[in-house]
Amino acid sequence: MLKINEIFYSLQGEGYNTGTASVFVRLSGCNLRCSFCDTQHEQGTMMTTGQIVDAVNRYPQAPLIVLTGGEPSLHIDHDFIAALKQGTGKRIAIETNGTHPLPAGIDWVTLSPKQGFEGGDTHPLVLTRADELKVVYLGQDLEQYAGIEAAHRFLQPCYVPDPEQCRSNMQACVDAVLAHPEWRLSLQVHRVLGIR
C-alpha cells in the first residue's frame, strides 16, 4: 500500500519533457521539509499497486507516468515499478531529491537536489547521475552540482506567491543561465498555462 496524494492527467510543465502528456502519480511523504514545497504531505489515500495501475489506465492516451511527491523514492521498490510498467505499458519517469537510491526499471530520472535550502539539506545526496538535473534557483553557487552527471542541466526560478519576488527570482535565473550557458532555463509552464 502506498499513500497517494493525487493521480491526474496533464502536461509535464518542467524540464526536458515539458509539454509531454503525462499521468502524474504524486506520493505523500518526504524526508525533507523545503520551505517552498507545494505538496500537502498529510493528505493522501492508501492505495494498492493494482488500484494505482487502474487509476493510471484511465488515461490510455498518455505515453508517460511521472512519479513525484513528496519524495517518491522513499515509498517505491522494484516490484512496484515492474508492476506499473507491465500493467500500463507506459514509460516511467521520476522526480527525486536524490537522497535515496532508486529501484531499477525507471526510464527517466529527474534529479532535483535541495541542498542549500532551508529544510532541504537534512539528508545527504546519494544520486550522482540522472537523465536531467533540475535545480530550483535562488542564487546558490552552481559549482556544488559540478559532480552530478546529467545529459541535461536546467535552472528553474523558484515560484513564490508574491509577483514581485517571482519576477526577481526569474531575472536572477535568466542572469545565471546567461553567465553559465551549460545550463538551460526551465519554466513552470503549467503555471503559465493555468493547468495542473
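**Exercise 1.** In this predicted model, state where N17 is placed and decide whether N17 is buried or exposed.

Solution.
Step 1. Locate the residue: N17 sits in the loop between β1 and β2.
Step 2. Take its relative accessibility, which is 12%.
Step 3. Apply the cut-off: buried means under 20% relative accessible area. N17 therefore counts as buried, at 12%.
Step 4. List the contacts, leaving aside neighbours within four places in sequence: N17 touches Q12, L64 and W108.

**Exercise 2.** Find which residue meets E14 in a salt bridge, and describe where the two partners lie.

Solution.
Step 1. The side chain of E14 pairs with that of K134, with an N to O distance of 2.5 Å.
Step 2. E14 belongs to the loop between β1 (2-11) and β2 (21-27), while K134 is in strand β7 (residues 129-137).
Step 3. The partners are 120 residues apart, and the pair links distant parts of the chain.
Step 4. Both E14 and K134 are buried.
Step 5. For the wider count, the structure holds five salt bridges.

**Exercise 3.** Work out which parts of the chain are tied together by the salt bridge between K85 and D107.

Solution.
Step 1. The closest N and O atoms of K85 and D107 are 3.0 Å apart.
Step 2. K85 lies in helix α2 (residues 78-88) and D107 in the loop between β5 (91-96) and β6 (108-111), so the bridge joins parts that are 22 residues apart in sequence.
Step 3. K85 has a relative accessible area of 29% and is partly exposed. D107 is also partly exposed, at 29% relative accessibility.

**Exercise 4.** For the salt bridge between R129 and E149, assign each residue to its strand and give the exposure of R129 and of E149.

Solution.
Step 1. The closest N and O atoms of this pair are 3.4 Å apart.
Step 2. R129 is in strand β7 and E149 in strand β8 (residues 149-157), so the pair ties together parts that are 20 residues apart in sequence.
Step 3. Exposed means over 50% relative accessible area. R129 is at 57% and therefore counts as exposed.
Step 4. E149, with 47%, is partly exposed.

**Exercise 5.** Name the residues that form a nonpolar patch on the surface with M170, and place M170 in the fold.

Solution.
Step 1. The patch is made of M170, L185 and L187, which together have about 220 Å² of accessible area.
Step 2. M170 is found in helix α3 (residues 163-179).
Step 3. With 36% relative accessibility, M170 counts as partly exposed.

Technical notes
Residues numbered from 1 in each chain as written. Predicted model: local features only at pLDDT ≥ 70, side-chain atom pairs only at ≥ 80, totals over all residues. Heavy atoms only, no water. Salt bridge = Lys/Arg side-chain N within 4 Å of Asp/Glu carboxyl O. Helix = DSSP H or I, 4+ residues; strand = E, 2+ residues; numbered from the N terminus. Buried < 20%, exposed > 50% of the residue type's maximum accessible area, 1.4 Å probe, protein only. Patch = residues over 30% accessible without salt bridge, like charges linked within 9 Å, V, L, I, M, F, W, Y side chains within 5 Å. Areas by Shrake-Rupley, 256 points an atom, 1.4 Å probe, with all protein chains shown as cover. Contact = heavy atoms within 4.5 Å.
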